[in-house]
Amino acid sequence: MKRLAVLISGTGTNLQAIIDATENGRLPGVCVAVVVSNRKAAYGLERAAAHGIPTIYHPLLPYRRPGRSRAEYDADLVDLLAPYRPDLIVQAGWMHILGEPFLRHYRGKVLNIHPALPGTFPGMHAIERAYEAYQRGKITETGVMVHWVPDERVDEGPPILVERVPILPEDSLEDLEARVHALEHDLYVRAIARALGA
Ligand code: GRF
């Protein structure tokens with residue numbers, strides 16, 4: 001059985017798609033071993049618990065106190081995950097940048113999803129920014145990419161899967177968001193299968 005650790009900060013719709021895939025045969029021989037959130041109120045934690053998946057709440061705030069550090073946060077995250085022996089770390093809406101110590105420990109094993117094409121709209125609100133760029137005539141389409149995370153750059157790294165998403169003249173932002181998210185949920189499952197060599 002290949003074991004995933006999924007890192008989340010929010011609603012966890014990508015997490016749900018991954019859990020479903022482990023249960024409906026789309027990701028055979030794969031399980032979500034643990035879900036980590038930096039936010040206590042992240043709804044994704046409830047999704048995990050509803051499927052009997054262990055959860056960890058790992059907030060950054062205590063590490064901002066004098067004498068503590070961001071590097072310590074990352075080192076503790078390594079320790080927290082260790083008992084679950086993850087084969088792959090899957091960032092699914094995780095709002096922290098994983099630091100070098102963490103990435104060194106899990107070299108070649110960390111994935112991220114970005115709701116835009118490679119090299120475009122890194123960081124927050126990528127879909128909204130793509131929508132605005134389309135309105136200004138700067139782009140004609142957007143997309144989704146799942147990529148390896150080799151270093152601390154945001155939403156950059158060798159892509160595993162990239163797929164384009166059309167933007168239609170009659171689209172509202174909500175229409176575009178729905179189309180991008182639907183693709184994310186499918187693409188992440190396929191990318192995980194590929195990353196695990198399945
Ligand atoms: C997704 O759009 C993901 O690409 C981005 O954050 C969002 C997370 O959504 N990095 P969810 O928590 O999986 O619903």
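These questions and answers cover the ligand site and three arginine or histidine residues of a predicted model.

Visitor: Which residues are around the ligand?
Guide: A residue belongs here if one of its heavy atoms lies within 4 Å of the ligand. By class, this shell has two nonpolar, six polar and one charged residues. The residues are T11, G12, T13, N14, G93, I113, P115, H181 and E184.

Visitor: Which elements give two or more residues to the shell around the ligand, which sits in the largest pocket?
Guide: The ligand is located in the largest pocket. Two or more shell residues come from each of the helices α1 (13–24) and α6 (173–195).

Visitor: How far is an oxygen atom of the ligand from an N or O atom in the side chain of E184?
Guide: A polar contact needs a pair of N or O atoms within 3.5 Å. T11 provides a side-chain N or O atom at 2.8 Å from a ligand oxygen, and G12 provides a polar backbone atom at 2.8 Å from a ligand oxygen. For the side chain of E184, the distance to a ligand oxygen is 2.2 Å.

Visitor: How much of the ligand's exposed area does the protein bury?
Guide: The contacts with ligand oxygen atoms include one from the side chain of E184, at 2.2 Å. Taken alone, the ligand exposes 370 Å². Of that area, the protein buries 81%.

Visitor: Is R179 buried, partly exposed or exposed?
Guide: R179 is in helix α6. Buried means under 20% relative accessible area and exposed means over 50%. R179 has 25% relative accessibility, so it counts as partly exposed.

Visitor: What separation do the C-alpha atoms of R179 and P166 have?
Guide: R179 belongs to helix α6. Along the chain, R179 and P166 are 13 residues apart. Their C-alpha atoms are separated by 8.8 Å.

Visitor: What is the phi of R85, in the loop between α3 (70–81) and β4 (88–91)?
Guide: Most residues other than glycine have a negative phi. R85 is not a glycine, yet its phi is positive. R85 is also exposed, because its relative accessible area is 54% and the cut-off is over 50%. The phi of R85 is about 45°.

Visitor: Why does H125 count as exposed?
Guide: H125 lies in the loop between β5 (110–114) and α5 (126–135). Its phi is positive, near 55°, although H125 is a residue other than glycine. Exposed means over 50% relative accessible area. H125 counts as exposed because its relative accessibility is 52%.

Terms used:
Residues are numbered from 1 along each chain as its sequence is written. This is a predicted model: local features need pLDDT of at least 70, side-chain atom pairs count only at pLDDT 80 or more; totals for chains, interfaces and linings use all residues. Side-chain values use heavy atoms; hydrogens and water are left out. A polar contact is a pair of N or O atoms within 3.5 Å; within protein, one must be able to donate a hydrogen and the other to accept it, and residues adjacent in sequence count only if both atoms are side-chain atoms. Accessible areas come from the Shrake-Rupley method with a 1.4 Å probe; for residues, only the protein chains shown count as cover. On a 1 Å grid over the protein atoms alone, a cavity is a set of points where a 1.4 Å probe fits but cannot get out, and a pocket is an open set with protein on both sides within 12 Å along at least five of seven lines; lining residues have an atom within 4 Å of a point. A molecule sits in a cavity or pocket if more than half of its atoms lie within 2 Å of its grid points. Helices (H or I, at least four residues) and strands (E, at least two) are DSSP runs, numbered from the N terminus. Ala, Val, Leu, Ile, Met, Phe, Trp, Tyr, Cys and Pro count as nonpolar, Asp, Glu, Lys and Arg as charged, and the others, Gly among them, as polar. Buried means under 20% relative accessible area, exposed over 50%, partly exposed in between (1.4 Å probe, protein chains only).
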